[in-house]
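Reader: I should like to be guided through the reading of a structural model, feature by feature. Please begin with a helix and its surroundings.

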Amino acid sequence: MLPEIHDFLGCRTPDAWVQAAVQQQEVMLLDHKNCEFKAASTALSLIAKYGQHLDLINYMSRLAREELVHHEQVLRILKKRKIGLRPVSASRYASGLRAIVRTHEPHKLVDTLVVGAFIEARSCERFEAVVPHLDEELGRFYFGLLKSEARHFQNYLRFAYQYGESADVERSIARVREAEQALIESPDPEFRFHSGVPMLAA
């Protein structure tokens, strides 16, 4: 799956992000916890908005449960490592991608699914980038999640093609890829799981 994900994404994670992740593992874990909760929330939102699409809502129901399990797993790691819960502001990443989602249907659904595919693909690629630099316990956990994110990427993309016209999906992918690459490669004022190049580490 990783070659497919590398081809799908417009760029690889910059080394500066990996260095920041190793140095700021507490922030990475806290933000990762939030990301898993948001992923579950996104799945539930799709169920609420597109209840007429049976295949989609059945999958998103299962996905929401899986993402909440991941959320709980990160919570357990935080507790084990005695990392106290505290607010961590959201990165610009997801909001930056959702800002380019078209507002009229059926294109809104297509863009939303394509954005979901990019978020899952980037998460998978980030796990791959950081795993070799982590301790055995966290590295093993993140390696396991890497496989889940790859599967989620495939399914988001599959639904985009199922509910959209192929040519339109391809145009959406190209548009989101350009925006996603800009968010990943440009300087970012804060370190988060999906942040760009951290200014302090750049």
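**Reading the model**

Author: In α2, the buried residues are Ala16, Trp17, Val18, Ala20 and Ala21. The model is a predicted one. Burial is read from relative accessible area, with under 20% counting as buried.

Reader: What covers the buried residues of α2?

Author: The cover includes α3 (25–49), α6 and β2. Trp17 itself has 0% relative accessibility and therefore counts as buried.

Reader: How should one read the aromatic pairs, and how many are there?

Author: Two rings pair if their centres lie within 6.5 Å, and the angle between the planes then gives the class: under 30 degrees is stacked, over 60 is edge-to-face, and the rest are tilted. By this rule there are nine aromatic pairs. One of them joins tryptophan 17 and phenylalanine 193, with 6.0 Å from centre to centre and 85° between the planes, an edge-to-face arrangement.

Reader: Which parts of the chain does the pair of tryptophan 17 and phenylalanine 193 tie together?

Author: Tryptophan 17 belongs to helix α2 (residues 15–23), whereas phenylalanine 193 lies in the loop between β1 (187–188) and β2 (197–198), so the pair ties together parts that are 176 residues apart in sequence. Phenylalanine 193 has 1% relative accessibility and so counts as buried. Phenylalanine 193 also pairs with phenylalanine 127: the ring centres are 5.2 Å apart and the planes stand at 45°, so this pair is tilted. Here too the pair links distant parts of the chain, since phenylalanine 127 is in helix α6 (residues 107–130) and phenylalanine 193 in the loop between β1 and β2, 66 residues apart. Both phenylalanine 127 and phenylalanine 193 are buried.

Reader: Which residues do the ring pairs link into a cluster?

Author: The cluster consists of Trp17, Phe127, Phe141, Tyr142, Phe191 and Phe193.

Reader: Where do charged groups sit over rings?

Author: One looks for the charged end of a side chain placed over the face of a ring. The charged end of arginine 126 sits over the ring of tryptophan 17, 4.2 Å from its centre. Arginine 177 lies over the face of phenylalanine 8, at 5.7 Å from the ring centre.

Reader: Is phenylalanine 8 buried or exposed, and what does it touch?

Author: Phenylalanine 8 is found in helix α1 (residues 2–8). With 7% relative accessibility, phenylalanine 8 counts as buried. Setting aside residues up to four places away in sequence, phenylalanine 8 touches Ala117, Phe118, Ala121, Phe153, Leu157, Ile173 and Arg177. Arg177 thus appears both among these contacts and over the face of the ring.

Reader: How is the largest pocket to be described?

Author: A description may give the volume, then the lining, then the chemical character of the lining. The largest pocket holds about 640 Å³ of space. It is lined by 30 residues, of which Lys38, Thr42, Ala94, Arg98 and Ile119 are the closest to its centre. At least two lining residues come from each of α3, α5 (93–98), α6 and α7 (136–163). The largest share, 10 residues, is supplied by α3. By character, the lining divides into 13 nonpolar, eight polar and nine charged residues.

Reader: What can be said of aspartate 188?

Author: Aspartate 188 lies in strand β1. Its relative accessibility is 2%, so aspartate 188 counts as buried. Beyond residues up to four places away in sequence, aspartate 188 touches Arg92, Ser195, Gly196, Val197, Pro198 and Met199.

Reader: Which backbone features merit attention?

Author: Most residues other than glycine have a negative phi, and most peptide bonds are trans. In this model, a cis peptide bond joins glutamate 105 and proline 106, with omega about 5°. Proline 106 lies in the loop between α5 and α6. Lysine 82, although not a glycine, has a positive phi of about 55°. This lysine 82 is found in the loop between α4 (54–80) and α5. At 76% relative accessibility, lysine 82 counts as exposed.

Reader: Finally, how does isoleucine 57 illustrate the reading of burial and contacts?

Author: Isoleucine 57 lies in helix α4. Its relative accessibility is 19%, so isoleucine 57 counts as buried, the cut-off being under 20%. Apart from neighbours within four places in sequence, isoleucine 57 is in contact with Ile47, Tyr50 and Gly51. The C-alpha atoms of isoleucine 57 and leucine 29, which are 28 residues apart along the chain, are separated by 29 Å.

Note on methods:
Residues numbered from 1 in each chain as written. Predicted model: local features only at pLDDT ≥ 70, side-chain atom pairs only at ≥ 80, totals over all residues. Heavy atoms only, no water. Helix = DSSP H or I, 4+ residues; strand = E, 2+ residues; numbered from the N terminus. Buried < 20%, exposed > 50% of the residue type's maximum accessible area, 1.4 Å probe, protein only. Lys NZ or Arg CZ within 6 Å of the ring centre and 35° of its normal. Contact = heavy atoms within 4.5 Å. 1 Å grid on protein atoms, 1.4 Å probe; cavity = no way out; pocket = protein on both sides within 12 Å on 5 of 7 lines; lining within 4 Å. Points joined across faces, edges and corners; volume = space filled by probe spheres on them. Nonpolar A, V, L, I, M, F, W, Y, C, P; charged D, E, K, R; others polar.
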